[in-house]
Amino acid sequence: MAASGLILPAYFTEQGKKPDPVLTSLDKELKYVTESIIKAEGHGWSLSNSLFNLWNNYEKRLGAKEYNQRLLDTGDALRQSKEYELSRTHCYHRYLVAAGLPQPMSVAIY
């Protein structure tokens, strides 16, 4: 499974239809980190700091809609590649926090 098909392309800005550079940069970095985790085949935790830092870096620079959509898309890609714990802690949990939803003690995503 190729992760590149799971990450949405950057949205275009209204002015001149140029790609948003922040979204373009995030998409590029997400693709690299996600593909690296998937290639690690069960050893993705060694790259978890990269994903954590990526979300921290872009959270304040994106709108809620774009940020949340990428959290879910990345979580889905990681879950499909059997990186359950990473998808839960670094994507779905962050989504619940960002959306202001109550966080269950344990979420089964298998």
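This report walks through the salt bridges in a predicted model.

## Overview

Side chains of opposite charge can pair when their charged atoms come close. The model you have in front of you holds three salt bridges. Let's take them one at a time.

## Arg-70 and Asp-27: helix H3 to helix H1

Start with Arg-70, which pairs with Asp-27 at a distance of 2.7 Å between the closest N and O atoms. Arg-70 sits in helix H3 (residues 64-80) and Asp-27 in helix H1 (residues 21-39), so this salt bridge ties together parts of the chain that are 43 residues apart in sequence.

If you look for these side chains in the structure, expect both to be tucked away: Arg-70 is buried, and Asp-27 is buried too.

## Glu-59 and Arg-94: helix H2 to helix H4

Next comes Glu-59, whose salt-bridge partner is Arg-94; here the closest N and O atoms are 3.9 Å apart. Glu-59 belongs to helix H2 (residues 48-59) and Arg-94 to helix H4 (residues 84-99), so the pair links parts that are 35 residues apart in sequence.

The two partners have their own surroundings. Glu-59 is partly exposed, at 29% relative accessible area, whereas Arg-94 is buried, with a relative accessibility of 13%.

## Arg-88 and Glu-85: within helix H4

Helix H4 also hosts a pair of its own. Arg-88 and Glu-85 lie three residues apart in helix H4, so about one helical turn separates them. Their side chains meet in a salt bridge with an N to O distance of 2.4 Å.

As for accessibility, Arg-88 is partly exposed at 28% relative accessible area, and Glu-85 is partly exposed at 32%.

Note on methods:
Residues numbered from 1 in each chain as written. Predicted model: local features only at pLDDT ≥ 70, side-chain atom pairs only at ≥ 80, totals over all residues. Heavy atoms only, no water. Salt bridge = Lys/Arg side-chain N within 4 Å of Asp/Glu carboxyl O. Helix = DSSP H or I, 4+ residues; strand = E, 2+ residues; numbered from the N terminus. Buried < 20%, exposed > 50% of the residue type's maximum accessible area, 1.4 Å probe, protein only.
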